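Trainee: I would like to test the labels on this model one by one. Please set each value against its definition.

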Amino acid sequence: MRKLVFFDRDGIVNLEDSPYGYEIEKFFFAPGFIELFYRLKSQDALCIMVTNQSGIHRGIFKEQDLLKLHNFVQNCLTSTLTLPLREAKAYPKNIGFDGIYFCPHTQEEKCDCRKPKPGMLLQAIKDFNLNLEQWESYILGDKETDMQAGLQAGVKNRIHIGSENAPTATQHFANLKEVLNLF
């Protein structure tokens, strides 16, 4: 079966150096992320980022700022992984994330998309016309809210990374480098 992997952003894709991260110059990929992403893309996995970004509705930054950052992330992934994937004779349809979903709402707004609710994942499943029974599905996150969103969306493998308590995770790892062994 082909893999479907949902990624939380802050703390998984990037180091969470500051809350409400939206500035390109403060964005740093987390240790092990590029290696993991390369491995998944070399297997033609469908990779989707899902991230709560309440800084938009809090007025800390604009949606346009977030879109610029995500475009930067996509460009970095493409420029970093294109040659290694070609050399490995792996030709995924998309070298970067196949989809990026974000929730701009605060917790007080009680929307359906902010994790722990599954709205972003369900929207991606709908947009890509996926039947999760036909996919080996994963969510990688550093918070219990990521695991809860995955559980509610029907994601089979809920991979928690870090030291926080995450009772709805199916597996726990200290860091992304340990996760490499799964794939």
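Mentor: Start with helix H3 (residues 119-127). It lies across E1, E2, E3 and strand E4 (136-141) and runs at about 145° to E3. The model is predicted: local features need pLDDT of at least 70, side-chain atom pairs count only at pLDDT 80 or more, and totals for chains, interfaces and linings use all residues. Residues are numbered from 1 along each chain as its sequence is written, and side-chain values use heavy atoms, without hydrogens and water.

Trainee: What makes a run a helix or a strand here?

Mentor: DSSP runs decide: H or I over at least four residues for helices, E over at least two for strands, numbered from the N terminus. Contact means heavy atoms within 4.5 Å. Angles run from 0 to 180 degrees between N-to-C directions, with axes fitted to C-alpha atoms, for helices over the stretch in contact.

Trainee: Which strands are the edge strands of the sheet?

Mentor: The open sheet has 6 strands in the order E3-E2-E1-E4-E5-E6, with parallel pairing. E3 and strand E6 (171-173) are its edges, as each pairs on one side only. The twist averages 20° from one strand to the next. H2 packs on this sheet, touching strand E2 (46-52) and E3, and its direction makes about 150° with that of E3.

Trainee: How do you know that E2 and E3 pair?

Mentor: Pairing needs at least two DSSP bridges between the strands. E2 and E3 have 5, in the parallel sense, so they pass. Ile-48 stands opposite Gly-99 in E3. From E2 the chain crosses through H2 to E3, a right-handed β-α-β crossover. Right-handed means that, with the strands pointing away from the viewer, the path from the first strand over the helix to the second runs clockwise.

Trainee: Why is the pair of Phe-7 and Phe-37 called tilted?

Mentor: Ring centres of Phe, Tyr or Trp (its six-membered ring) must lie within 6.5 Å; planes under 30 degrees apart are stacked, over 60 edge-to-face, the rest tilted. This pair has 5.8 Å and 55°, so tilted is the right label. Phe-7 sits in strand E1 (residues 3-7) and Phe-37 in helix H1 (residues 33-42), 30 residues apart.

Trainee: What makes the pair of Phe-7 and Phe-97 edge-to-face?

Mentor: Its planes meet at 80°, with 5.6 Å between centres. Phe-97 lies in the loop between helix H2 (63-87) and strand E3 (99-103), so the pair ties together parts that are 90 residues apart in sequence. Phe-7 and Phe-97 are both buried.

Trainee: How do you know that Lys-41 and Asp-98 form a salt bridge?

Mentor: The definition asks for a side-chain nitrogen of Lys or Arg within 4 Å of a carboxyl oxygen of Asp or Glu. Here the closest N and O atoms are 2.7 Å apart, so the label holds. Lys-41 is in helix H1 and Asp-98 in the loop between H2 and E3, so the bridge ties together parts 57 residues apart in sequence.

Trainee: Is Lys-41 buried or exposed?

Mentor: Buried means under 20% relative accessible area, exposed over 50%, partly exposed in between (1.4 Å probe, protein chains only). Lys-41 has 1%, so it is buried. Asp-98 is buried too, at 19%.

Trainee: Why is Glu-23 called partly exposed?

Mentor: Its relative accessibility is 26%. Lys-26, at 45%, is likewise partly exposed. Their side chains meet in a salt bridge of 3.2 Å, N to O.
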